[in-house]
Amino acid sequence: MVTIIGGGIAGTLLAGALAREQRAVTVYESQPTVGAGHFLALDDRAHAALTRLGVGIDRLHKASHRLTELRAADRTGVIRGDARTERRLYLRADLMRALTEFATDTTADIRFGTPVTELNSTEGTLFSGANPVPADDVIIAADGIDSLARRTLEPDRNAEYSGQIIIYGITTRPIQPNTDPSVLHFHRQFDDDGRPVSTFGHFWNDQISVWFTRLTRGPLALQDIGSQPLDGWTEPILAGATAIPELVETMLAATDTVHVSNARTVPLADARPPQTPVILCGDADHAITPAAGVGARDAIEDVAALAEAIISGSSPAAAMTERRRQILDERAKVAQMFRSAT
Ligand SMILES: Cc1cc2nc3c(=O)[nH]c(=O)nc-3n(C[C@H](O)[C@H](O)[C@H](O)COP(=O)(O)OP(=O)(O)OC[C@H]3O[C@@H](n4cnc5c(N)ncnc54)[C@H](O)[C@@H]3O)c2cc1C
């Protein structure tokens, strides 16, 4: 029997994957419904893990849009991403709907609107307000970047601001600008000293058009993040994309609300080794700035490793120890590539 805290990408997927293999699973999710907000790109590794866990490729394709290329432009020219990597773009709401349908097709018990508010990691007991929450031998904490479980187990391992705020917009009707469709376009802007100050990204096809911007600046206060009207953000967004004003104005003119967040990373290098009964998973354990574009993929690969361990009767703590090693290795390689390229 497995208890999961958090019914986001990792928690919902793990619940469905375990229940398909006749494991009893209960998920406690604080929100009343599946989350919405931004959009995200998943690569072929994420899709390989999703399908291995039993999520049908048709279900995933129905919920997403083909993404043929990542293409970055700045004053030095155009850089094209590796076209061999197959990616798809999802509105978060559509991905969550697909994963929730996958999980609710099984016997997984998902309790929406039930925040876990207290956790005793030694005894493995949970509370939602004054009510004790029945918990099992294994508790997987997939409760996201501000994880209550991580705060309880490792009070000093806090999410750190990565130096940029991120604004995501989904247009109210599909816009077809004068750029190639099905490509995730990035336009980068630098200051006089060559430091990156902003990135504007967009994607469109005949069904949707979406955009984001990353602005280098201090973090926003808690009350200024989340879903809000676009109005107050028009000026800084345009100032951060002076090379492509028409494109940006067209996108903004068709957008009502935006999703605003601080880009943050949870440091992993000195984390306490995973140990039962409570195992951290996904963003709760190792969130990375959205600029890296791999947080959801990492969370999905955690789920694959944990599901395999739990189903085969091996140690979920050992599985997460190995996942952390892989993630740290990959991040070191990316940092090395970035250093060599600059
Ligand atoms: C703007 C933005 C863009 C991104 N773009 C990409 C991208 O292109 N590609 C990519 O791979 N990744 C991307 N990511 C990262 C990706 O969204 C995360 O890595 C992923 O959502 C992590 O999944 P998770 O299940 O660990 O956490 P989440 O999906 O955040 O789920 C955590 C869940 O736990 C619930 N919860 C929290 N506390 C409690 C509690 N106490 N009790 C019960 N429930 C609780 C929350 O309500 C939530 O539903 C992006 C992130 C952002 C913010």
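Me: Radius of gyration is taken over C-alpha atoms, and the globule rule is 2.2 Å times the number of residues to the power 0.38. What does the chain have, next to a compact globule?
Reply: The chain has 20 Å, and a compact globule of 342 residues would be near 20 Å, so the two agree. Bear in mind that this is a predicted model: local features need pLDDT of at least 70 and side-chain atom pairs count only at pLDDT 80 or more, while totals for chains, interfaces and linings use all residues. Residues are numbered from 1 along each chain as its sequence is written.

Me: What box do the C-alpha atoms fill?
Reply: Roughly 55 × 40 × 40 Å, taken along the principal axes. Buried residues (20 or more other C-beta atoms within 10 Å; 12 or fewer is exposed, in between partly exposed; C-beta atoms placed from the backbone) make up 42% of the 342 residues.

Me: How many helices and strands are there?
Reply: The chain has 10 helices and 19 strands, as DSSP runs numbered from the N terminus (H or I, at least four residues; E, at least two).

Me: And which domains is the chain divided into?
Reply: Domain 1 is 2–64 + 93–159 + 266–341, and domain 2 is 163–264; the bounds come from an automatic or database domain assignment. Their centres, taken over C-alpha atoms, are separated by 28 Å.

Me: How many residues of each are in contact?
Reply: 10 residues of domain 1 contact 11 residues of domain 2, with contact being C-beta atoms, placed from the backbone, within 7 Å. On the domain 1 side, 7 are nonpolar, 3 polar and none charged. In that scheme Ala, Val, Leu, Ile, Met, Phe, Trp, Tyr, Cys and Pro are nonpolar, Asp, Glu, Lys and Arg are charged, and the others, Gly among them, are polar.

Me: Where does the ligand lie, and why?
Reply: Between domain 1 and domain 2, because both give residues to the shell around the ligand.

Me: Which residues come nearest to the ligand?
Reply: Gly 6, Gly 8, Gly 144, Gly 282 and Gly 295, of the 36 around the ligand (near means a C-beta atom, placed from the backbone, within 6 Å). Elements giving two or more residues to the shell are α1 (9–20), β3 (39–42), β13, α8 (283–286) and α9 (295–312). The most come from α9, with 4 residues. By class, the shell has 19 nonpolar, 13 polar and 4 charged residues.

Me: Switching to α7: which residues are buried there?
Reply: Val 248, Met 251 and Leu 252, in a helix that runs 245–253. Down the axis of α7, the buried residues fall within an arc of 95 degrees, so they line one face of the helix; the arc is that of the directions from the helix axis to the C-beta atoms. On the other side of α7, Glu 246 and Ala 253 are exposed.

Me: What do the buried ones pack against?
Reply: β13 (160–170), β15 (196–204), β16 (209–216) and α6 (234–239).

Me: Now Ala 98, buried or exposed?
Reply: Ala 98 is buried, with 23 other C-beta atoms within 10 Å. It sits in helix α4 (92–104), and, leaving aside neighbours within four places in sequence, Ala 98 contacts Arg 59, Leu 60 and Ala 63.

Me: And what does Thr 321 count as?
Reply: Partly exposed, because Thr 321 has 16 C-beta neighbours inside 10 Å. Thr 321 is in α10 (316–341), and its C-alpha is 6.3 Å from that of Pro 274, 47 residues apart along the chain.

Notes. Contact = placed C-beta atoms within 7 Å.
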